[in-house]
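Work through the exercises below with the model open. Try each task before reading its solution.

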Amino acid sequence: MTIERIQPGPRMSQAVVHNGMVFLAGQVAQGKPGASVAEQTRDILERIDALLAAAGTDKTKLLTANIWLAEIKTFDEMNSVWDKWVAPGAAPARATVEAKLAAPHYTVEIAVTAAR
């Protein structure tokens, strides 16, 4: 059984590959504090693209996405970026919920699973 860990750290790996599946940790924006939900979403999706590429796959092979918003009222703002990013005809199964995130400056967190 082979398990590949991408960007492993002491607490978590940013991605884990096993049995043809790629599991990404929840991704948050690394940009400037105070960025809008749209800006944070764009930053997160760029991070997801890079991690998927490092794992040998891309967004056309997404299976699931879980999205957490600090405020559900920003759902449309996040979707305005998501809808331009997601590959046509390859939208994953998805859930979006409101949740208190790890730090107050995070407004969006996204975790995805993809086939390799």
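Two exercises follow, on a helix residue and on a strand.

This is a predicted model, in which local features need pLDDT of at least 70, side-chain atom pairs count only at pLDDT 80 or more, and totals for chains, interfaces and linings use all residues. Residues are numbered from 1 along each chain as its sequence is written, and side-chain values use heavy atoms, leaving out hydrogens and water.

**Exercise 1.** Place Thr-41 and decide: buried or exposed?

Solution.
- Step 1: Thr-41 sits in helix H1, residues 37–54. Helices are DSSP runs of H or I, at least four residues, and strands are runs of E, at least two, numbered from the N terminus.
- Step 2: Thr-41 is buried because its relative accessibility is 0%. Buried means under 20% relative accessible area, with a 1.4 Å probe and protein chains only.
- Step 3: Leave aside neighbours within four places in sequence; Thr-41 then contacts Met-78, Val-81, Trp-82 and Val-108. Contact means heavy atoms within 4.5 Å.
- Step 4: A polar atom of the Thr-41 side chain lies 2.7 Å from the backbone oxygen of Val-37.

**Exercise 2.** Find the partners and faces of strand S3 (residues 21–24).

Solution.
- Step 1: S3 pairs antiparallel with S2 (residues 13–18) over four bridges. Strands pair if DSSP finds at least two bridges between them.
- Step 2: Leu-24 in S3 is the bridge partner of Ala-15.
- Step 3: S3 also runs antiparallel to S6 (residues 108–115), joined by three bridges. There, Ala-114 partners Val-22.
- Step 4: Val-22 and Leu-24 form the covered face of S3, Met-21 and Phe-23 the uncovered one.

Terms used:
Buried means under 20% relative accessible area, exposed over 50%, partly exposed in between (1.4 Å probe, protein chains only). A polar contact is a pair of N or O atoms within 3.5 Å; within protein, one must be able to donate a hydrogen and the other to accept it, and residues adjacent in sequence count only if both atoms are side-chain atoms.
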